[in-house]
Every structure is written in C-alpha cells, then in structure tokens.
Amino acid sequence: MSDFLSNHVINNSNIQFGTSGARGLVQYFTPQVCGAFTANFLSTTAASYTFDTVAIGIDNRPSSYDMARACAAVVEYMGFKPYYCGVIPTPGLAYYALENKIPAIMITGSHIPFDRNGLKFYHPTGEITKSDEAVIATGSTRFTLPARLPDLIVSNDASAHYIARYTSFFPKNALAGIRIGIYEHSSAGRDIYPILFSMLGAEVVSLGRSDQFVPIDTEAVSEEDRQRAINWLREFHLDAVFSTDGDGDRPLLSDEKGRWLRGDILGLLCSSHLGIDAAAVPVSSNSIITTSGLIPHVVLTKIGSPYVIAAFDALLDQFGRVAGFEANGGYLLASDIHHAGRTLKALPTRDALLPVVTALVSSQHKKISQQLAELPARYTSSNRLQNFSVARSVALLDKLVNDPAKTLSACGVTNASFVGRDMTDGVRLWLTNDDIIHLRPSGNAPELRCYVESTSPHKADELVRVILSHIEDRF
C-alpha cells in the first residue's frame with residue numbers, strides 16, 4: 001500500500017477541469033492522479049448524500065480501463081462498493097446513477113485524441129457543477145493505493161436501463177420502415193445502438209467499426225466523414241446515418257440526402273417535437289433558435305454542459321417542459337415528459353440518443369430535409385486549430401477586442417466590419433453583412449475554436465476555412 005495526499009498529487013498532475021470534466025494527456029493520468037480526483041470527489045459527495053455504491057464506466061480508449069481500476073481501488077478504500085459498468089455511453093452511466101441515486105465516475109476524453117483522456121463526475125442528483133469542480137480540484141483527502149490494482153467485472157444493468165429509457169417512451173414500432181446506418185467507429189455506445197433501434201422497429205446496418213480509437217468531433221465533421229454519409233446512403237439504400245463522438249453524448253445524424261445536421265439544429269427540431277416550453281443553449285448556437293419561435297423561451301449561456309445545467313433551476317420555476325442543447329449536439333432534458341400515458345424521465349446531462357430518435361420518429365411524417373427547409377436560411381459552421389496554445393488564443397482574442405477592424409482583416413475578413421459583440425464566452429462578433437464570427441479557446445485541449453454563422457452553408461464553411469488559415473499563418 002502507498003499513502004497519498006490528494007492536493008499534493010493534483011497540484012503536480014498537469015490535469016485541469018475544462019469545459020466538461022477533468023482532461024489531460026494520458027501520461028499524466030497516473031493511478032495516483034485518478035485516485036486523488038476520486039478521493040476528493042467522494043469526500044465532498046459523502047458530505048451531502050448518503051450512498052454505498054459508486055458506478056464507474058469507460059469509453060473505448062486504450063487507457064480507460066486502467067484508469068477505472070485506479071478509481072475503483074480508491075472507491076473501495078473510501079468505504080464504498082465500485083459498480084463497474086464497462087464500456088457505456090456517458091449518458092447511460094449518468095442515467096443509471098440518477099435512477100439509483102448513487103454517484104458515478106465516467107472515464108472518457110469524449111472527442112479528443114486517444115493520447116488524452118478525462119474524468120467526469122456525477123452526484124446522485126446529476127452532473128456536478130463548476131463550483132463542485134473547484135472543490136474537487138483543491139480538496140485535501142488522504143488515500144492509499146494497493147500495489148496491484150483490482151480487476152473489474154462488468155455488469156450490463158446500466159446499459160439495459162439506458163435502452164429501456166427510450167423503449168418505454170417511444171412506441172414499439174416507432175421506427176418501422178426506416179433503414180438506418182450506424183457509423184460505429186470506436187463509440188462507447190456501438191453495441192447498444194443496434195439493439196435499441198431494432199427494438200423500435202428500424203432495420204439496422206452496422207458501418208465503420210474500428211479497433212483503433214477514432215476522435216470524432218461533432219462540431220468539426222471531417223470532409224471524409226461528410227463523404228462517407230453520402231456513399232453509405234447510396235450503397236446500402238439508407239434513410240439516415242447515425243453516429244456519436246467517442247463517449248456517446250454528442251450525436252451525428254444525416255438526413256436522407258447524406259447531409260450531417262448541425263447539433264443545435266437537431267436540438268431545435270427535437271425541442272419542437274417534444275413541445276419544450278423553455279431551453280438553455282450556449283451562445284455559440286445558431287441564432288434561429290432564439291428567433292424561429294419553435295421554442296417559446298430561450299436563454300443563452302457560456303459553452304459547456306455545466307453552464308446549461310446551471311440555467312435549469314430558474315427555468316423550471318417558470319416552465320413545465322425544460323431542456324437544453326449545444327452546438328455539438330448534446331441534448332439535456334431537465335424535466336419529465338408525459339405523453340400518451342408514457343413518461344420520458346429527465347436526464348440533465350448531454351445525451352446523443354433522444355434528439356436522434358425523436359428526429360427519426362418525426363421523419364415518418366415529414367422527411368428531415370423537409371423539416372430543415374422550413375427553417376430560416378441561417379447556417380453555421382465550425383472547426384478548430386489543434387495544438388494552438390491557450391496563450392496564443394488569449395493574445396488573439398485581446399487583439400480582436402482592442403482593434404477588431406485590424407484583427408478581422410488579418411484573419412482574412414475584409415468585406416464587412418463589426419457592429420456588435422458578445423463576450424459571454426470568447427469573442428463573438430456581429431458583422432455588417434449579417435455574418436457572425438465567434439472565436440474561443442477550447443476548454444478541453446490546446447485548440448482554438450472558430451464558429452461562423454452566415455446565409456449559406458458554403459459561405460459559412462469557406463469563412464471558417466479562411467479565418468483559421470489566416471490565424472494559423474499570422475498568429
């Protein structure tokens with residue numbers, strides 16, 4: 001046995017909380033570091049909740065299992081029973097923990113490359129807050145680790161509960177007649193999705209399973225993946241293609257023409273079909289969410305699910321059906337939904353399945369492409385510069401605030417000037433030609449994110465390309 005003090009370990013770990021969860025290079029997630037975060041999480045959670053079991057889940061990254069073993073060892077040291085759910089989507093683990101009123105730890109780096117990983121924490125009542133993160137990062141808890149970490153035995157109960165959430169609400173043959181391709185790659189939910197869609201009546205074709213971790217980013221869909229959707233639709237005569245990021249909390253869905261839907265638009269359609277009264281969405285979302293009237297009340301937040309969740313309490317005091325969603329596609333349901341004698345239970349953490357299933361069910365009556373065509377002509381695009389340090393990002397944003405005209409020109413934007421800005425998260429500029437440009441550092445990795453809104457998909461894509469190209473060369 002080795003004895004450690006958590007604050008000493010964390011202070012020297014190079015691991016920090018980002019937009020959602022603690023993230024960093026795999027080499028820094030030693031057993032001691034995983035143990036330190038786990039010890040602080042459990043000591044703070046035990047001060048407010050009564051529980052005897054802690055659920056643990058992982059994604060398909062090569063490093064995730066050993067990280068789970070370290071977390072489980074400290075769970076046992078702290079006097080609790082680790083309940084290992086194996087490879088499971090983050091929302092599946094969160095839902096199981098919420099239903100059983102126990103805490104949960106998810107080992108995942110979401111969409112970031114396999115040489116990085118992360119830890120996400122859930123109280124028995126749901127996802128932790130930013131203030132909880134601060135306590136976990138600075139707490140001081142003594143813990144020990146055994147010389148040999150425990151082997152973990154998988155239980156499939158959590159996956160079964162996650163599937164039942166949808167099969168108990170949507171009718172048995174809700175997707176009858178739909179032929180859907182599932183781009184499995186290395187997604188944590190790749191063994192669950194075919195079961196669920198088949199149970200709802202769809203015909204499923206499995207596509208693109210990979211033994212190597214694939215860092216799918218739903219906000220920066222590669223040209224290769226765009227073409228894949230089109231090719232698969234033609235080859236397999238599909239009605240849609242579905243995928244997710246690595247841990248299954250952010251969806252990718254194509255329409256019947258092979259066009260991937262932006263996550264915020266998918267969230268808007270889902271909210272409309274569910275009759276959502278009020279929603280919280282990040283400031284980076286498409287402006288039609290606030291102007292279309294499909295959701296009666298919308299509030300804008302900083303980017304990241306903790307900020308969306310923080311807006312729920314005030315909305316739940318005023319409205320019946322409340323939800324949140326992000327530009328990356330994660331959908332958070334803050335209130336139960338009752339319909340036709342069935343109940344869809346709240347799941348206030350990012351979920352990939354609800355917006356996808358809802359969109360596919362609605363496509364039985366009106367094709368997804370038709371639903372999109374009825375929306376106002378505002379289109380968003382986004383991408384990122386990888387290996388772009390936070391210091392470089394901050395310096396660029398300072399220039400954008402202090403001299404926007406000169407900085408926009410240096411970024412390749414010469415046909416319009418700015419007329420307003422929003423500093424909620426990064427710098428978001430409104431231009432005289434009605435374009436919107438938004439730059440911010442990623443909270444999860446050394447990356448610069450660029451979001452653009454314009455009047456055509458091509459214009460939005462091209463503006464992102466031009467801006468990032470100029471930034472990479474000049475900043």
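Which side chains meet in a salt bridge at 3.2 Å, N to O, with Asp 461 as one partner?

**Figure 1. Salt bridge between helices H8 and H17.** In this predicted model, the side chains of Arg 226 and Asp 461 form a salt bridge, with an N to O distance of 3.2 Å. Arg 226 belongs to helix H8 (residues 223-236) and Asp 461 to helix H17 (residues 457-474), so the pair ties together parts that are 235 residues apart in sequence. Arg 226 is partly exposed, at 30% relative accessible area, and Asp 461 is partly exposed, at 28%.

**Figure 2. Salt bridge between strands S1 and S9.** Asp 3 and Arg 142 meet through their side chains at 2.6 Å, N to O. Asp 3 lies in strand S1 (residues 2-5) and Arg 142 in strand S9 (residues 142-145), 139 residues apart. Asp 3 is partly exposed, with 45% relative accessibility; Arg 142 is likewise partly exposed, with 48%.

**Figure 3. A buried salt bridge.** The side chains of Arg 350 and Glu 326 meet at 3.2 Å, N to O. Arg 350 is in strand S20 (residues 347-351), whereas Glu 326 is in the loop between strand S16 (322-325) and strand S17 (331-333). Both residues are buried.

**Figure 4. An open sheet of 4 strands.** The strand order is S11-S10-S12-S13, with mixed pairing. Strands S11 (203-209) and S13 (251-253) stand at the edges with a single partner strand each, so one side of each has no neighbour in the sheet. The twist averages 20° from one strand to the next. Strands S10 (residues 179-185) and S11 run parallel and are joined by 6 bridges; Ile 180 has Val 204 as its bridge partner in S11. Helix H13 (residues 353-362) packs on the sheet, touching S10, S12 and S13.

Key. Residues numbered from 1 in each chain as written. Predicted model: local features only at pLDDT ≥ 70, side-chain atom pairs only at ≥ 80, totals over all residues. Heavy atoms only, no water. Pairing = 2+ DSSP bridges. Helix = DSSP H or I, 4+ residues; strand = E, 2+ residues; numbered from the N terminus. Axes fitted to C-alpha atoms, helices over the stretch in contact; angles between N-to-C directions. Contact = heavy atoms within 4.5 Å. Salt bridge = Lys/Arg side-chain N within 4 Å of Asp/Glu carboxyl O. Buried < 20%, exposed > 50% of the residue type's maximum accessible area, 1.4 Å probe, protein only.
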